[in-house]
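Please open the model in your viewer, and keep the sequence panel beside it. The tour below suggests what to select at each stop and then says what is to be found there.

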Amino acid sequence: MKNFLVAVVLLICIKLGYGQSNYYSIIQAGGNIGLNNPGYDGKFNGYSLHFIFGKNLNEKAYVGIGLGNETLRGSYTQTNSPNDDNKTAKYDRNLFPLFLDARLPLAYIGEVSRIGVFANAGYAAKIGPVYDKGAIGKLGVFYLYDSFNKTKFTFSASYVYQQLKGNLYGSDFKHQHLNLSVGIMLK
């Protein structure tokens, strides 16, 4: 029943995206490549799936709200530990971020391709035992194949700062990673 309700909500949102060009929807999937985890040896890699729905502001900007599911996995040890018990711990958690999405197309490349910048800011709530929580910020660039039909293809690369609370050593992780995503945009 739960899967059926999720499917109905997605279909309604996609229908709204097709019915009016004042709105946009993005469904994207990508990979996370760990870059830095200050205070710890070890980075987390994973994958993400995001759904974004928002307002198309005359093709000059897009502002919306997004919901996602992400997974980060890896091992870490604390650097400069006060005691010399540098044990390696595993990190294997999911994230359920709710975020604001802002996109600004900057230039056309050819007749149907556009490039631009985007930013996301939000928070991942702990919705279950395998989910972590924390603030998220993302800055990046996107490429949009803005074809003449309703379905557009998008590619993006972004730098992500993710606060993660699920640390066995006590303090929050300030994890940084690169996200590479591909998706479709309906407008």
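Begin by selecting leucine 104 together with valine 117 in β7, since these two residues stand opposite each other. Before going further, please note that this is a predicted model, in which local features need pLDDT of at least 70 and side-chain atom pairs count only at pLDDT 80 or more, while totals for chains, interfaces and linings use all residues. Residues are numbered from 1 along each chain as its sequence is written, and side-chain values use heavy atoms, with hydrogens and water left out.

**The strands around β6**

Select residues 113–124, strand β7, along with β6, and you will see two strands that pair in the antiparallel sense over twelve bridges. Strands here are DSSP runs of E with at least two residues, numbered from the N terminus, and two strands pair if DSSP finds at least two bridges between them. Three residues lie between β6 and β7 in this hairpin, and in the turn glycine 110 has a positive phi of about 75°.

Now add strand β4 (residues 61–78), which runs antiparallel to β6 (residues 97–109) and is joined to β6 by six bridges. Within this pairing, leucine 67 stands opposite leucine 98 in β6.

**A nonpolar patch**

Keep those two leucines selected and add Ile65 and Leu100, because Ile65, Leu67, Leu98 and Leu100 make a nonpolar surface patch of about 370 Å². β4 and β6 are the elements that give two or more residues to this patch. Patches are made of residues with over 30% relative accessible area and no salt bridge, nonpolar side chains (Val, Leu, Ile, Met, Phe, Trp, Tyr) being joined within 5 Å and like charges within 9 Å; accessible areas come from the Shrake-Rupley method with a 1.4 Å probe, and for residues only the protein chains shown count as cover.

Is leucine 100 buried or exposed? Leucine 100, found in strand β6, is exposed, with a relative accessible area of 55%; buried means under 20%, exposed over 50%, and partly exposed in between, with a 1.4 Å probe and protein chains only.

**Arginine 114 and its surroundings**

Next select arginine 114, which lies in strand β7 and is buried, with a relative accessible area of 6%. The side chain of arginine 114 reaches the backbone oxygen of glutamate 59 at 2.8 Å. Counting heavy atoms within 4.5 Å as contact, and leaving out residues up to four places away in sequence, arginine 114 touches several residues, including Tyr62, Phe142, Tyr143, Asp146 and Lys187.

From there, move to aspartate 146 and lysine 187, whose side chains meet in a salt bridge (3.2 Å, N to O). A salt bridge is a side-chain nitrogen of Lys or Arg within 4 Å of a carboxyl oxygen of Asp or Glu. Aspartate 146 lies in the loop between β8 (134–145) and β9 (151–164) and lysine 187 in the segment after β10 (173–186), so the pair ties together parts that are 41 residues apart in sequence. Aspartate 146 and lysine 187 are both buried. If you select Glu59, Arg114, Asp146, Lys152 and Lys187 together, you have one network, joined by salt bridges that share partners.

**Tyrosine 143**

Tyrosine 143 is found in strand β8 and counts as partly exposed at 28% relative accessibility. The side chain of tyrosine 143 makes a polar contact with the side chain of serine 113 at 2.7 Å; such a contact is a pair of N or O atoms within 3.5 Å, where within protein one must be able to donate a hydrogen and the other to accept it, and residues adjacent in sequence count only if both atoms are side-chain atoms.

**Two further salt bridges**

Select arginine 73 and aspartate 92, whose side chains meet in a salt bridge (2.8 Å, N to O). The pair links distant parts of the chain, with arginine 73 in strand β4 and aspartate 92 in strand β5 (residues 89–95), 19 residues apart. Another salt bridge joins aspartate 101 to arginine 103, with the closest N and O atoms 2.9 Å apart, and both of these residues are buried.

**The loop before β4**

Finish at the loop between β3 (45–57) and β4, where asparagine 58 has its place. Although not a glycine, asparagine 58 has a positive phi of about 55°, and asparagine 58 is exposed, with a relative accessible area of 65%. Glutamate 59 is found in the loop between β3 and β4 and has a positive phi of about 65° although it is not a glycine.

Definitions and conventions
Helix = DSSP H or I, 4+ residues; strand = E, 2+ residues; numbered from the N terminus.
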